[in-house]
Protein chains: 2
Amino acid sequence: MADASFELDGQGPLYEQIRKAIARKITGREWRPGHRIPFENEMTAALGVSRMTVNRAINALVSDGLIVRRRKAGSFVAEQSTLDAPLTILTAEAEACANGATYRYELLSRSVSPAIRDAMTADRFGPGTSLVCIEARHMANGQPMMAERRWINLDVVPAAANEDFKTIAPGAWLLKHMPWSEAEHVISALAADGDLARHLEIASGAPCLRIERRTWIGDATITFVELNYPGDSKKLVGRFQPLTGGRGNEKRS
Amino acid sequence: MADASFELDGQGPLYEQIRKAIARKITGREWRPGHRIPFENEMTAALGVSRMTVNRAINALVSDGLIVRRRKAGSFVAEQSTLDAPLTILTAEAEACANGATYRYELLSRSVSPAIRDAMTADRFGPGTSLVCIEARHMANGQPMMAERRWINLDVVPAAANEDFKTIAPGAWLLKHMPWSEAEHVISALAADGDLARHLEIASGAPCLRIERRTWIGDATITFVELNYPGDSKKLVGRFQPLTGGRGNEKRS
DNA sequence: CAGTGGTCTAGACCACTGC
DNA sequence: CAGTGGTCTAGACCACTGT
């Protein structure tokens with residue numbers, strides 16, 4: 001009913017055209033937050049397409065957060081309260097490469113020890129877990145672009161005990177040798193202390209962007225790593241374009 | 001062929017069971033990166049389901065980045081080179097609320113002026129654009145949790161000229177009055193300068209996490225905002241769980 | 001309890017692409 | 001040019017839920 005006057009642009013697959021047509025109604029304020037969009041069978045009839053096609057279009061908008069669906073009630077334009085933007089975290093080498101910079105990896109230290117009773121290791125891996133601790137830094141065009149401190153769980157990845165990580169970065173090595181089933185990221189800003197400042201070659205007390213990543217396989221923590229970037233570098237989190245095509249992503253130094 | 005010995009767990013929709021079964025093969029290292037997974041018609045036959053169902057399961061894994069598909073060649077386990085984590089950026093009020101904190105909004109300054117030839121405004125909005133500039137801060141439990149500096153394009157949102165923003169935060173106001181079609185986020189760390197440090201009530205030179213957000217409607221920039229958080233606060237970017245269910249997301253102070 | 005969305009099927013045609 | 005995935009259909013049954 002009402003004006004299901006959709007204007008499909010004839011570009012690309014049908015479900016994409018329908019998705020964009022609905023997104024256009026929303027971003028054009030014709031359908032406000034809370035507004036009930038036409039039922040699936042109404043669109044099906046109005047557009048002369050199968051219900052599966054309409055369903056696919058709307059479901060894409062649901063995962064984009066623009067539509068909320070309720071059985072028996074209908075589908076509604078969501079309140080735009082949050083922004084979900086994809087943050088793509090590349091390996092340091094891939095990031096340097098993407099920026100056209102020359103890349104070099106430097107191992108700073110490597111040691112094996114059990115997780116003691118400190119917050120950094122015991123809480124995350126469990127007391128007594130065998131760990132290898134690695135400090136390294138990644139250079140782009142001869143300048144430090146990132147310094148990392150990492151712990152790897154040897155109970156889960158015993159092969160890491162035989163790797164010296166002198167030529168290959170632990171992150172890249174893990175990606176080749178170990179799958180993960182779950183990852184968590186925490187972002188914060190901090191003042192670089194003596195060690196970190198020296199590794200990044202910035203003034204002590206200078207701001208620094210830290211991404212902490214914890215990776216699991218099943219219930220076991222594979223690795224925990226602090227990725228530290230000089231404060232003047234910027235991370236492009238991502239672009240979200242519900243109208244034109246969905247989610248894009250790039251990266252800047 | 002080969003071992004398409006899938007073990008569906010009987011939990012939830014068929015396409016979800018199939019998706020999890022494939023994800024299990026991958027995270028369990030049975031199917032390594034580069035490995036060709038069974039063709040759709042093979043799985044269809046092996047599982048006794050419709051091809052659309054298999055297709056839906058695999059497509060979900062494609063958007064999770066675990067599978068790459070090539071016509072005529074087949075579907076392959078992707079190289080796990082990047083991590084895509086969804087970062088949910090709530091309004092300050094929603095974030096405080098989620099942490100069970102009392103929330104208060106404070107307008108610090110408001111002014112109207114055209115975009116001059118400075119990098120902050122003219123580059124983003126175009127020279128001469130009428131802008132309203134707002135400085136404000138958001139308090140959680142009486143402590144500054146975030147200070148923002150924002151420019152709003154009056155050519156696009158003329159109603160903003162009549163709003164004093166004394167009681168409602170500009171972010172919340174915009175969400176109610178203006179849709180966006182595209183958003184971009186940039187994260188960086190910086191040392192708080194005099195003004196910012198005073199607003200956040202932190203020492204001058206203390207680290208600070210900044211999220212810059214630029215929002216578009218069509219080709220026009222609606223607003224550009226700097227969200228500044230004290231460096232000791234942490235942003236939980238999100239959890240990505242390809243095996244169990246997909247993407248989760250929370251937030252910490 | 002009627003109507004919505006959620007899922008699933010058994011086909012079909014087509015575009016692209018590797019051989 | 002044969003085979004893969006990409007898309008689409010016209011049905012169907014069911015779970016949930018608002019009235």
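The surface near DNA strand C has 7 nonpolar, 7 polar and 10 charged residues. That is the starting point for this report on a predicted model.

**DNA strand C**

There are 24 residues around DNA strand C. Coming nearest are A:R51, A:M52, B:L14, B:T53 and B:R71. Of the strand's atoms within 4 Å of the protein, sugar and phosphate account for 59%.

Several arginines of chain B make polar contacts here. B:R51 has a polar side-chain atom 3.2 Å from a base nitrogen of DNA strand C. The side chain of B:R56 places an N or O atom 3.2 Å from a phosphate oxygen of the strand. For B:R71, the partner is a sugar or linking oxygen, at 2.9 Å from a side-chain N or O atom. Which elements give two or more residues to this surface? Chain A gives α2 (40–47), α3 and β3 (74–77), while chain B gives α1 (14–27) and α3.

**DNA strand D**

Now the other strand. DNA strand D also has 24 residues around it. A:L14, A:T53, A:R71, B:R51 and B:M52 come nearest. Sugar and phosphate make up 61% of the atoms of DNA strand D that come within 4 Å of the protein.

The contacts involve both chains. A backbone N or O atom of A:L14 is 2.3 Å from a phosphate oxygen of DNA strand D. B:K72 puts a polar side-chain atom 3.2 Å from a sugar or linking oxygen of the strand. An N or O atom in the side chain of B:S75 lies 3.5 Å from a phosphate oxygen of DNA strand D.

At least two residues of this surface come from each of α1 (14–27) and α3 (51–63) of chain A. The same holds for α2 (40–47), α3 (51–63) and β3 (74–77) of chain B. By class, the surface near DNA strand D has 7 nonpolar, 7 polar and 10 charged residues.

**Domains of chain A**

Chain A splits into domain 1 (14–77) and domain 2 (92–230). Taken over C-alpha atoms, the centres of these two domains are 44 Å apart.

**Cavities**

How many cavities of 30 Å³ or more does the structure hold? There are 2. The table sets out their volumes and linings.

| Cavity | Volume | Lining by class |
|---|---|---|
| Largest | about 50 Å³ | 7 nonpolar, 2 polar and 1 charged residues |
| Second largest | about 40 Å³ | 6 nonpolar, 1 polar and 1 charged residues |

Both chains take part in each lining. Around the largest cavity stand A:P179 from chain A and, from chain B, B:I26, B:R29, B:W31, B:P33, B:G65, B:L66, B:V77, B:A78 and B:Q80. The second largest cavity is lined by A:I26, A:R29, A:P33, A:V77, A:A78 and A:Q80, along with B:L175 and B:P179.

**A serine in a loop**

One more residue deserves a look: B:S181. It sits in the loop between α6 (170–177) and β8 (182–191) of chain B. Is B:S181 buried or exposed? B:S181 counts as buried, because its relative accessibility is 6%. The side chain of B:S181 also has a partner, reaching the backbone nitrogen of B:G218 at 2.9 Å.

Conventions: Residues are numbered from 1 along each chain as its sequence is written. Chains are lettered from A and ligands numbered from 1 in the order in which they are written. This is a predicted model: local features need pLDDT of at least 70, side-chain atom pairs count only at pLDDT 80 or more; totals for chains, interfaces and linings use all residues. Side-chain values use heavy atoms; hydrogens and water are left out. Domain bounds come from an automatic or database domain assignment. On a 1 Å grid over the protein atoms alone, a cavity is a set of points where a 1.4 Å probe fits but cannot get out, and a pocket is an open set with protein on both sides within 12 Å along at least five of seven lines; lining residues have an atom within 4 Å of a point. Grid points are joined across faces, edges and corners, and a volume is the space filled by probe spheres set on the points. Ala, Val, Leu, Ile, Met, Phe, Trp, Tyr, Cys and Pro count as nonpolar, Asp, Glu, Lys and Arg as charged, and the others, Gly among them, as polar. A residue is near a molecule or strand if one of its heavy atoms lies within 4 Å of it. A polar contact is a pair of N or O atoms within 3.5 Å; within protein, one must be able to donate a hydrogen and the other to accept it, and residues adjacent in sequence count only if both atoms are side-chain atoms. Helices (H or I, at least four residues) and strands (E, at least two) are DSSP runs, numbered from the N terminus. Buried means under 20% relative accessible area, exposed over 50%, partly exposed in between (1.4 Å probe, protein chains only).
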